[in-house]
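Take a look at the chain below. This short report walks through a few of its parts, one residue or strand at a time.

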Amino acid sequence: TNVARMSGLIDVESTPGKGTRFTITLPITLAIIQAVIIRTAQRVYALPLASVLEIVAVQLRDLCSVEGREMLQLRGQTMPVLRLDRVFHPEDASRSVATDGTVGYAAVVGLAQHRAVILLDDVLGQQDIVIKSLGKRLRGVRGIAGATELGNQQTILVIDTVQLLD
């Protein structure tokens, strides 16, 4: 619970006859973090690298529906799908669904034992960012940790994966 509260991850690897390895990953507590800069539905976001387990290429055929919820099957594990356009801009979501068989990429994110995938159109790079507060009026926006300014004078939102997974 404490690791999850701090946006950390616990990975368990067991090898029969050899033992079990627990890896605890905790984010840096400073406002400067490493992030993956992503694009989805023509919008750019920063995704904290500490919560990204891997980024894989996916196609539309890799997606399925389980009890009405969109899921991705990846190496024998089924994980729920998060589409940021549907979370933050539901009015635009119907226009962003790919019909040509491609989706792009999926960022597998994790919080303690919870895993999910965020569908991406493109991965623009990785860089250190400074997270800035959104101020009192926008502080309560679920799924957003703050904002950052990229080197090209572009301001983008920083995703709060803890809140998205909750």
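Thr20 lies in strand β2. The model is predicted, so every value here is computed from predicted coordinates. Is Thr20 buried, partly exposed or exposed? Thr20 is partly exposed, because its relative accessible area is 45% and the partly exposed class runs between 20% and 50%.

Which residues does Thr20 touch, leaving out those up to four places away in sequence? They are Val12, Glu13 and Ser14. With Ser14 there is also a polar contact, side chain to side chain, at 3.1 Å.

**A nonpolar patch**

Val12 turns up again on the surface. Together with Ile10, Phe22 and Ile24, Val12 makes a nonpolar patch of about 390 Å². Two elements give two or more residues each to this patch: β1 (9–15) and β2 (19–25). Ile10 has its place in strand β1. Ile10 is partly exposed, since its relative accessible area is 34%.

**Strands β3 and β4**

Next comes a hairpin. Strand β3 covers residues 32–40 and pairs with β4 in the antiparallel sense. How many bridges join β3 and β4? There are six. One bridge can be picked out by name: Ala35 has Pro48 as its partner in β4.

Two residues sit between the strands of this hairpin. Ala41 takes a positive phi near 50° there. Gln42 is found in the loop between β3 and β4. Its phi is positive too, near 65°, and Gln42 is not a glycine. Gln42 counts as exposed because its relative accessible area is 76%, and the cut-off for exposed is over 50%.

What about cover along strand β4, residues 43–48? This strand is mostly covered, with five of its six residues buried.

β4 has another pairing as well. It pairs with strand β13 (residues 155–159) in the parallel sense, over two bridges. Here Tyr45 has Leu157 as its bridge partner in β13.

**Another positive phi**

Arg75 is found in the loop between β7 (69–74) and β8 (77–82). Arg75 is not a glycine, yet it has a positive phi of about 50°. Is Arg75 buried or exposed? It is exposed, because its relative accessible area is 63%.

The table sets out the relative accessible areas given above.

| Residue | Relative accessible area | Class |
|---|---|---|
| Ile10 | 34% | partly exposed |
| Thr20 | 45% | partly exposed |
| Gln42 | 76% | exposed |
| Arg75 | 63% | exposed |

**The whole chain**

Now step back to the full chain. How many helices and strands does the protein chain hold? It holds three helices and 13 strands. Of its 166 residues, 39% are buried.

Contacts can also be sorted by separation along the sequence. Take the contacts with a separation of 6 or more: 53% of them join residues 24 or more positions apart.

Last, the surface. The accessible surface of the protein chain comes to about 10000 Å². Carbon and sulfur atoms account for 50% of that surface.

Methods:
Residues numbered from 1 in each chain as written. Predicted model: local features only at pLDDT ≥ 70, side-chain atom pairs only at ≥ 80, totals over all residues. Heavy atoms only, no water. Buried < 20%, exposed > 50% of the residue type's maximum accessible area, 1.4 Å probe, protein only. Helix = DSSP H or I, 4+ residues; strand = E, 2+ residues; numbered from the N terminus. Pairing = 2+ DSSP bridges. Patch = residues over 30% accessible without salt bridge, like charges linked within 9 Å, V, L, I, M, F, W, Y side chains within 5 Å. Areas by Shrake-Rupley, 256 points an atom, 1.4 Å probe, with all protein chains shown as cover. Salt bridge = Lys/Arg side-chain N within 4 Å of Asp/Glu carboxyl O. Contact = heavy atoms within 4.5 Å. Polar contact = N/O pair within 3.5 Å; in protein donor to acceptor, adjacent residues only side chain to side chain.
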